[in-house]
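Student: Could you walk me through this structure step by step? I would like to know what the terms stand for as we go.

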Amino acid sequence: MSFSLEIFSKALITTGLILLVFIVDPLGIRNSAEDHYEDHILRLWSPFFSETVSDDIVVVLIDDQYIDQTNTYPVSYRNLARLLKTISRFEPQSMFYDILQHHEHSDNLNRWLTTLERQKFPIFMASNTNYDTEARLNDPESLRHKIANVSELAAVSWSGEGRYYPLSVPWNGKKMNTVAAAMYKDWCSRAPGCDETQMDDLDDSVIVQWSNKHAPNQEKFFPLGMSCGDGTLSQWQQLKELLIVSLTQGIQDQDDVDSALRKRCPPFLTIAASKLSAPGAAGTPELKQAIQGKMVLVGYHVTGGVDLVVSPVHGTLPGVYFHAMALDNLVTLDGEYWRSPDDAGLFNLSIADMVEISVQTIVLFLVIWFRFNFLEQQETQHFDERQKLWGAFVPMLIIIAVIALSVAISHFVLNVGAPNWYGLILIIFIDLPIFFFFIFEAFRPKLQSYKERVCLFAKNTKHKLRNTL
């Protein structure tokens, strides 16, 4: 009876401490650790996100060379209209401009607005929902009113989501779709077999998975001046390399580690705006093949730019890639994207938190049980080797099975993805030394006997050599 009460009381205290960490986390240690773990998982998972680079999405970057050629920054309305006319010749499926236009900054605004209005495909414009108030959008003199009349607004800024990508944000008492959700809805309305009604169920924020693939013809459209790496390795070979580098990065040269872990080439076919503005570009068959029927996202990539995103696979990238990658998640995974579930229920814990708390409680209960039954009683009870081995192996196997089951449920049932995986797997490595110690104790007599036989053999061999000589 005392045994059961002791285990129950320790497990209860432990569960309370776990809840305290999850709920309070005053130093932000848990959130920081989860972010770090998530980056590792997303990097290791990147070979499996897709077999090839997306065939539906293209990124156009307004680069330094284009700014030098046009001698305007931000890009003037006249040059924006020219760029749009060139792209429209290649018949994209839809376009998005990751450019916040809050104030009129150059001449020819009407030309820009007219060019937007004449396009036969949908054009989405970046919106800051806090700035785009109902009063401002209803004001005929406001630039935001004029832009909203010739395009569709899509949110590019939000708060409270951390590093995740929401599919909608509050806006004037309603909701506005973010860029990825808006473009996905348009894509789904055209794609055969895509159920538009499923969009009503897409609510949880996206844990954006990053691909490590690149377009084989990237150098033709945006010269990078570097190798994109070996594209012939299988997914499992790529995973093996990433695992080796990740586990040995503390003893490797930092440049070698960075070179192995960071992909230098972007995850989508990327076209420089300077390439599109070159003489004769409008009639280029290669550009038509690259853009026709694709979703095109336009953003800035200029020295000193502040619109940046940190990819766990690529490092720092222009912010437009975050929208592009979230869109690719929706298209590629067809609604089965990794979710960041909302907090709900007692203490506002998410379903992912509840799974992790349950697993940690089970694991720690087993550790307490093992310590009480074996470690604390091994001096009073003489366990044989078989009892020691089974006593250590059984809870180890149970822990591994429980964590594997929780990962499978998280991935295949809940679609909550990466944040908890690494933390759950780490539990194994935190607790295994306790069991390995007991296993070592079970094998120690055999090791000692083997050591004695080796020493005796060496001594006899030495004695025989002396007699021979």
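Tutor: Let us begin with a term: buried means under 20% relative accessible area, exposed means over 50%, and partly exposed is in between, with a 1.4 Å probe and protein chains only. This is a predicted model, in which local features need pLDDT of at least 70 and side-chain atom pairs count only at pLDDT 80 or more, while totals for chains, interfaces and linings use all residues. Residues are numbered from 1 along each chain as its sequence is written, and side-chain values use heavy atoms, with hydrogens and water left out.

Student: Okay, so is N108 buried, partly exposed or exposed?

Tutor: N108 has a relative accessible area of 37%, so N108 is partly exposed. N108 sits in the loop between β2 (94-97) and α5, where helices (H or I, at least four residues) and strands (E, at least two) are DSSP runs, numbered from the N terminus. Phi of N108 is near 65°, a positive value in a residue other than glycine.

Student: Why mention the sign of phi?

Tutor: Most residues other than glycine have a negative phi, and most peptide bonds are trans. N71 also has a positive phi, of about 60°, although N71 is not a glycine. N71 belongs to the loop between α3 and α4 and is exposed, with 69% relative accessible area.

Student: And which peptide bond is cis?

Tutor: The one from Y73 to P74 is cis, with omega near 0°, and P74 lies in the loop between α3 (64-70) and α4.

Student: Switching topic, how many salt bridges are there?

Tutor: A salt bridge is a side-chain nitrogen of Lys or Arg within 4 Å of a carboxyl oxygen of Asp or Glu, and by this rule the count comes to six. One of them joins the side chains of D132 and R144, at 2.7 Å from N to O. D132 is in the loop between β3 (123-127) and α6 (134-137) and R144 is in helix α7 (residues 143-150), so this pair ties together parts that are 12 residues apart in sequence.

Student: Are those two buried or exposed?

Tutor: D132 counts as buried at 0% relative accessibility, and R144 counts as buried at 1%.

Student: What about D186, which residue does it pair with?

Tutor: D186 forms a salt bridge with R190, and their closest N and O atoms are 3.1 Å apart. Both residues lie in helix α8, four residues apart, which is about one turn of the helix. D186 is buried, with a relative accessible area of 13%, whereas R190 is partly exposed, at 44%.

Student: How does helix α8 cross helix α14?

Tutor: The axes of helix α8 (residues 179-190) and helix α14 (residues 320-333) come within 8 Å and cross at roughly 40°; axes here are lines fitted to C-alpha atoms, for helices over the stretch in contact, and angles run from 0 to 180 degrees between N-to-C directions. Angles under 35 degrees count as roughly parallel, over 145 as roughly antiparallel, 65 to 115 as roughly perpendicular and the rest as oblique, and α8 and α14 are therefore oblique to each other.

Student: And α4 with α5, what is their angle?

Tutor: Helix α4 (residues 77-88) and helix α5 (residues 109-118) pack at about 20°, with their axes 8 Å apart. That makes α4 roughly parallel to α5.
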